Amino acid sequence: MGSAISRQRRAPFGSWESEISAEEAAGQGLAAGIEEVILDPVTSKVYYAQKRPSEGGRSAILDASDGKELLDPEWDVRTRVHEYGGGAAIVFADVLYFSNIKDNRVYKAKKGSKPEPITPVNEVQRFADFTVHPEHSNFIIATLEDHTDPHPARVKTFLALIDANTSTVSNIVEGADFYSCARFSPDGKFLSWQQWNFPELPWQSAEIYVAPVTFSSEGNLELGAPFFVAGKHEAISAVDPSWTSNNSLHFTSDVSGFQNPWKFTFHPSDLKGTGKASPILPEPIEWEFGMPTWYLSRHSSGALTDTKVAFMAYQGTPHSKLLIIDVNDGSITEVPTPYALIQYMRGDGKGKVVGHGEPATADEELFELTLDKDGKPVIRNLLAEHASNAPPSDTLSTPEYYALTLAPDNRKCYATFYPPQNPMYDAGLRNEKPPVVVLIHGGPFSMEAPVLDLTKQFWTSRGWAYVDVNYGGSTGFGRAYRETLHGKWGILDVQDAKETVVELGKLGLVDPHRAVIRGGSAGGYTTLQASILLPDFFAAGSPQYGISEMKLLDDILHKFEYYLCDRLMGGPYEDIPDVWKERSPIYHVDKIKMPLLILQGDADTVIPAPQMVAMVEAIKKQGGKAELVLFEGEGHGWRKASTIKTVLEKQLEYFDDALHFVNKPDYC
């Protein structure tokens with residue numbers, strides 16, 4: 001009876017004792033995790049790349065069958081192509097081909113053997129996204145990024161041919177500003193790829209091409225004339241092409257306004273005369289298939305057979321669905337999974353698709369999708385024997401999804417809401433609604449996925465509500481929704497953050513008068529803008545490495561994002577300097593009333609620490625409340641568990657103070 005009483009009690013929201021410590025939450029955020037899935041197309045064996053924060057952040061390649069590494073710890077399988085990397089390794093016929101970030105060279109190795117370089121010494125060249133010719137495996141095609149001239153507008157990108165026998169590299173496709181997804185057909189007779197040009201990002205517009213593969217009398221691999229498949233510069237995004245069979249590709253295109261599955265079929269003897277791209281589904285649907293390829297490893301489909309393809313899709317929420325689609329008749333079979341986020345998909349076309357799945361209340365999984373003898377889908381976790389590190393399920397808040405209609409223009413906004421959850425408490429005080437932490441994701445062309453994140457559960461287990469605002473501009477909800485942020489960054493996102501809290505208050509889920517806001521990078525920028533445009537709405541805010549000066553950000557952007565700010569500001573700086581200045585928080589500290597806890601790395605090159613020091617001094621000079629915490633050795637993003645621990649503890653203390661809570665230090 002005594003135990004039952006202890007578990008059935010009320011206490012003020014925000015003051016609950018929690019067993020999820022800041023240290024535990026920080027440890028999960030920087031734990032070893034899967035960052036790519038690799039499927040050998042010849043043997044169908046499965047491998048994965050695993051980040052190793054405790055080993056300097058290196059990436060290791062492991063065999064999924066036994067969990068053993070393929071390489072010694074001296075190797076770091078990563079790349080900085082497009083700066084964000086991904087696609088650093090492939091396994092073909094039990095041979096690993098990979099990019100080593102320490103010297104940017106490409107190597108090949110068999111399990112347990114010493115890697116051999118197959119590209120010459122050249123530190124200005126970066127390689128990623130490999131495909132191996134199925135008959136002549138010495139030939140590998142990869143995305144090559146050449147930084148001979150390091151200016152972002154003059155960095156060159158090609159599709160390069162690597163000859164592993166001679167360790168030579170030659171450009172085989174060039175002319176566009178960007179390339180990715182080069183893939184040989186299963187019989188090696190054709191090559192497909194994706195390309196796009198400035199000022200676009202690939203999810204804004206991209207094109208797909210196919211070319212025949214031939215061999216000269218000397219045995220050299222050559223490409224015939226490229227054949228246009230789909231996409232249109234500055235209009236249509238056709239992305240993520242992969243082979244379904246020797247004469248059929250599957251990909252996605254947003255010609256309808258949403259990324260939907262398409263196919264390209266042709267007769268091998270007459271590519272030009274018979275090649276045809278067409279939608280797989282009978283009619284377009286308002287589902288978003290796939291996600292933005294910030295990382296080259298982010299594939300969202302895989303061929304299960306030569307007629308069935310597994311796709312990941314979103315249906316009006318940030319929760320992933322897994323679908324099997326028949327490319328001949330467009331029929332859809334939904335595969336039930338526990339995953340809130342599915343990515344890194346690969347298919348062998350011989351009955352197996354693999355991928356990475358992250359549930360909302362459990363650990364990540366490396367999954368395998370197959371069909372049983374009756375043709376029904378079967379999901380298996382290839383890491384099932386690994387011990388779970390997730391807290392008990394009754395301590396975890398389960399995400400709830402809301403498509404809110406916001407004032408003043410009745411636009412939709414998508415929010416993921418986490419109610420307070422702690423098995424030791426029933427509720428807050430009578431008639432009390434919980435305070436709410438508002439998270440603004442980075443990007444800004446991104447989405448906050450509803451996966452298990454202990455930095456969120458840290459708050460909900462203490463009696464706070466938590467909401468992820470997938471504001472206008474977020475991905476996963478179609479082109480029109482994403483493009484609402486064009487020309488309105490720093491305005492629309494702030495409005496969506498506020499109105500989301502207002503609507504959740506109307507639903508009785510939160511106390512809108514006790515809302516705080518946080519976010520990093522682009523989310524930090526929105527937090528700073530909220531302190532200027534909505535000085536009295538949020539009780540407090542905590543920007544982490546938040547963008548404070550748009551022109552400075554624009555000056556340091558790399559090639560992949562070189563024109564990002566132009567579109568978001570509504571034009572280049574040279575044309576509308578007043579708009580850029582108006583949207584830069586550093587020039588408007590006189591308007592800030594909201595208490596700010598500014599968290600900043602002293603080694604950040606995007607947001608120089610002296611700029612934040614000056615901002616805090618200016619706020620204090622005018623009588624405002626602001627605190628700056630500088631983290632030694634941290635840049636634009638946290639890489640140390642000790643930093644994340646301190647961030648959570650500081651934010652809890654700061655937000656508690658703003659709302660006049662009392663949380664004992666040992667609750668942290």
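Begin by selecting strand S13, residues 190-196, where 7 of the 7 residues are buried, so that the strand is mostly covered. The coordinates in the viewer belong to a predicted model.

**Strand S13 and its two faces**

Display the side chains of S13. Phe 190, Ser 192, Gln 194 and Trp 196 point one way from the strand, while Leu 191, Trp 193 and Gln 195 point the other way, and all are buried. In a regular strand, side chains alternate between the two faces of the sheet.

**The partners of S13**

Add strand S12, residues 178-184, to the selection. S12 runs antiparallel to S13 and is joined to it by 5 bridges. Within this pair, Ser 180 stands opposite Gln 194 in S13. Next, follow the chain through the hairpin of S12 and S13, which has 5 residues between the strands; there Gly 188 takes a positive phi near 80°.

Cys 181 may be selected at this point. Because its relative accessibility is 5%, Cys 181 counts as buried.

Now add strand S14, residues 207-215. S13 and S14 pair in the antiparallel sense over 6 bridges. Return to Gln 194: what is its bridge partner in S14? The partner is Ile 208. Gln 194 thus serves as a useful point of reference, with Ser 180 opposite it and Ile 208 as its bridge partner in S14.

Before leaving this region, select the loop between S13 and S14, in which Pro 199 lies. The peptide bond from Phe 198 to Pro 199 is cis, with omega near 5°.

**A second cis peptide bond, and two residues with positive phi**

Move next to the loop between strand S30 (400-406) and strand S31 (411-418), where Pro 408 is found. Which form does the peptide bond from Ala 407 to Pro 408 take? The bond is cis, with omega near 5°.

Asn 410 is also placed in the loop between S30 and S31. Asn 410 is not a glycine, yet its phi is positive, at about 60°. Is Asn 410 buried or exposed? Its relative accessibility is 59%, and Asn 410 therefore counts as exposed.

Select Cys 413 for contrast. With a relative accessibility of 0%, Cys 413 counts as buried. A search of the model for disulfides will return 0.

Then go to Ser 521, in the loop between strand S34 (515-520) and helix H7 (522-533). Ser 521 is another residue other than glycine with a positive phi, here near 60°.

**Ile 379 and its surroundings**

Select strand S29, residues 377-381, and within it Ile 379. At 26% relative accessibility, Ile 379 counts as partly exposed. Which residues are in contact with Ile 379, leaving aside its neighbours within four places in sequence? They are Leu 322, Val 335, Pro 336, Thr 337, Tyr 339, Phe 367, Glu 368 and Leu 369.

Among these contacts, Pro 336 merits a distance label. Pro 336 and Ile 379 are 43 residues apart along the chain, and their C-alpha atoms are separated by 8.7 Å.

**An open sheet of three strands**

Turn now to the strands S1, S2 and S3. These 3 strands form an open sheet in the order S1-S2-S3, with antiparallel pairing. The edge strands are S1 (33-39) and S3 (58-63), each of which pairs on one side only. On average, neighbouring strands of this sheet are turned by 25° against each other, direction ignored.

Zoom in on S1 and strand S2, residues 46-52, which pair in the antiparallel sense over 6 bridges. Leu 39 stands opposite Val 46 in S2.

**The whole protein**

Finally, zoom out to show the entire model. The protein contains 12 helices and 37 strands. Its radius of gyration is 25 Å, close to the 26 Å that the globule rule gives for 668 residues, so the protein is as compact as a globular protein of that length. Along its principal axes the C-alpha trace spans about 80 × 65 × 50 Å.

Colouring by accessibility gives a closing view: 58% of the 668 residues count as buried. The protein exposes about 26,100 Å², of which carbon and sulfur atoms supply 49%. Among contacts between residues at least 6 apart in sequence, 59% join residues at least 24 apart.

Notes. Residues numbered from 1 in each chain as written. Predicted model: local features only at pLDDT ≥ 70, side-chain atom pairs only at ≥ 80, totals over all residues. Heavy atoms only, no water. Pairing = 2+ DSSP bridges. Helix = DSSP H or I, 4+ residues; strand = E, 2+ residues; numbered from the N terminus. Axes fitted to C-alpha atoms, helices over the stretch in contact; angles between N-to-C directions. Disulfide = S-S within 2.5 Å. Buried < 20%, exposed > 50% of the residue type's maximum accessible area, 1.4 Å probe, protein only. Rg over C-alpha atoms; globule rule 2.2 N^0.38 Å. Contact = heavy atoms within 4.5 Å. Areas by Shrake-Rupley, 256 points an atom, 1.4 Å probe, with all protein chains shown as cover.
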